[in-house]
Every structure is written in structure tokens, then in C-alpha cells.
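Hi everyone, thanks for making the time. I'd like to walk you through one structure today, so let me put it up on the screen.

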Amino acid sequence: MFVALGAVLQSAPAHTDDMTDDLARCAAIAQDAARLACFDRMAGAAVIEVFAGKGGGMTALFTVEQPRLLHFESNDVIMVATLLRSDDSVAQNLHLGGRGTGRHLITEPGAYRLQVNASGAWRVWLTAPND
């Protein structure tokens, strides 16, 4: 059994701080067409579920009924995550070295959870593949 020491896990329907950051990123784009495309992507992106924490932790189970894009973000030096099926078998190993984001397409329907080991704050969210 995994003990989430120091982890603060939360599930939220939306993430206002992310939206503010995304708006600022889009607004900073100089080219009109590229800036509009950025805002259009934001408007069409439907965040399905969000998990966040600091250090090590395990998300709650989440269900994937159709393909979903798993986004993961680290705000520190390293993030190693393991996407687990409900039977705890490994579906995918994920890794980020340094700050940044990564993505993984989940194509197989089922229940999953993510085990995260990170040196700092991290965030994970799901969207439809075309977002």
C-alpha cells in the first residue's frame, strides 16, 4: 500500500490559475492568427478531471470510457509518475526532468489512477484528445 506523505491531493472541476496563465500566454502572442488560434483552443478545451499535489501521492481512481489525453505538469526538478490500471498493473510510466508538461494518450477504456513521485508541486488533468 502506498502512503502519500506530504501529498495534498485534490480534485476540482476547473483550474482558475491555469486559465489565467493560459490567457496571459495567448495574449502575449504577437501574430494575430496564432493568438486567435490559442484563444480558440482554450475555448474548446474541456477539462474532465484535475489532480494536484506536492511530493509523492496517489490520485483517486478515474474512469476512461473513450480516449483521453492525460496531461502532466511538474513545477520542480523531477516528476516520475506511473499510470496504473484498477488492478494496479502498469499501463504507462511517465517522466519529466525539470519544469514542464507532458502528455500521454489513454486509449483503453477502464479505471486508472496515477502514482506520483515528485520533488515539488505537480498537476495532472484529462481532456478529450483533440483539445
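Take the contacts in this protein between residues at least 6 apart in sequence: 75% of them join residues at least 24 apart. Keep in mind that what you're looking at is a predicted model.

Okay, what is the chain built from? The secondary structure comes to two helices and ten strands. If you read along the sequence, you get β-α-α-β-β-β-β-β-β-β-β-β. There are 131 residues in the protein, and buried ones make up 34% of them. As for the outside, the protein exposes about 7,600 Å², with carbon and sulfur atoms supplying 54% of that.

Let's go inside. A bit of background: in soluble globular proteins, nonpolar side chains tend to be buried together. Here, the largest nonpolar core has 18 residues. The ones with the most contacts inside that core are Phe-62, Leu-70, Met-79, Ile-106, Leu-114 and Val-124. Which strands supply at least two residues each to this core? They are β4 (62-64), β5 (68-74), β6, β7 (90-97), β9 (110-118) and β10 (121-127). The largest share comes from β9, which gives four residues.

If you want one residue to click on in there, try Leu-114. Leave aside the neighbours within four places in sequence, and Leu-114 is in contact with Gly-57, Met-58, Thr-59, Phe-62, Leu-70, Ala-81, Thr-82, Leu-83, Leu-94 and Val-124. You'll recognise Phe-62, Leu-70 and Val-124 from the list of core residues a moment ago.

Now, the charged pairs. How many salt bridges are there? The count comes to three, and I'll take them one by one.

Number one is Glu-73 with Arg-123, whose side chains meet at 1.9 Å, N to O. This pair links distant parts of the chain, with Glu-73 in strand β5 and Arg-123 in strand β10, 50 residues apart. Are these two buried or exposed? Both Glu-73 and Arg-123 are buried.

While we're on β5, have a look at His-71, which lies in that strand too. His-71 has a relative accessible area of 10%, so it counts as buried. The side chain of His-71 makes a polar contact with the side chain of Thr-127, at 2.8 Å. Setting aside neighbours within four places in sequence, His-71 is in contact with Gly-102, Arg-103, Arg-123, Val-124, Trp-125 and Thr-127. So there's Arg-123 again, in the list of residues that His-71 touches.

Back to the salt bridges. The next one is Arg-85 with Glu-108, where the side chains meet at 3.8 Å, N to O. Arg-85 sits in strand β6 and Glu-108 in the loop between β8 (100-106) and β9, so this pair ties together parts that are 23 residues apart in sequence. From C-alpha to C-alpha, Arg-85 and Glu-108 are 10.0 Å apart in space. What about their exposure? Arg-85 has a relative accessible area of 26%, so it falls in the partly exposed range. Glu-108 is partly exposed as well, at 41%.

Arg-85 has other partners, too. Not counting residues up to four places away in sequence, Arg-85 touches Val-90, Ala-91, Glu-108, Ala-111 and Tyr-112. With Val-90, it's the backbone that's worth a look: the backbone oxygen of Val-90 lies 2.9 Å from a polar atom of the Arg-85 side chain.

The remaining salt bridge is Asp-88 with Arg-113, and those side chains meet at 2.6 Å, N to O. Asp-88 is in the loop between β6 and β7, while Arg-113 is in strand β9, so here the pair ties together parts that are 25 residues apart in sequence. Asp-88 has 44% relative accessibility, which means it counts as partly exposed.

One last stop, out on the surface. Val-77, Ile-78 and Val-80 form a nonpolar patch there, and together they have about 230 Å² of accessible area. Ile-78 is found in strand β6, which covers residues 78-85. Why does Ile-78 count as partly exposed? Because its relative accessibility is 35%, and the partly exposed class sits between the buried limit of 20% and the exposed limit of 50%. Strand β6 is also home to Arg-85, and it's one of the strands that supply at least two residues to the core.

That's my tour, so let's open it up for discussion.

Terms used:
Residues are numbered from 1 along each chain as its sequence is written. This is a predicted model: local features need pLDDT of at least 70, side-chain atom pairs count only at pLDDT 80 or more; totals for chains, interfaces and linings use all residues. Side-chain values use heavy atoms; hydrogens and water are left out. Patches are made of residues with over 30% relative accessible area and no salt bridge: like charges are joined within 9 Å, nonpolar side chains (Val, Leu, Ile, Met, Phe, Trp, Tyr) within 5 Å. Accessible areas come from the Shrake-Rupley method with a 1.4 Å probe; for residues, only the protein chains shown count as cover. A salt bridge is a side-chain nitrogen of Lys or Arg within 4 Å of a carboxyl oxygen of Asp or Glu. Buried means under 20% relative accessible area, exposed over 50%, partly exposed in between (1.4 Å probe, protein chains only). Contact means heavy atoms within 4.5 Å. A polar contact is a pair of N or O atoms within 3.5 Å; within protein, one must be able to donate a hydrogen and the other to accept it, and residues adjacent in sequence count only if both atoms are side-chain atoms. A nonpolar core is a set of buried Ala, Val, Leu, Ile, Met, Phe, Trp, Tyr and Cys residues joined through side-chain atoms within 4.5 Å.
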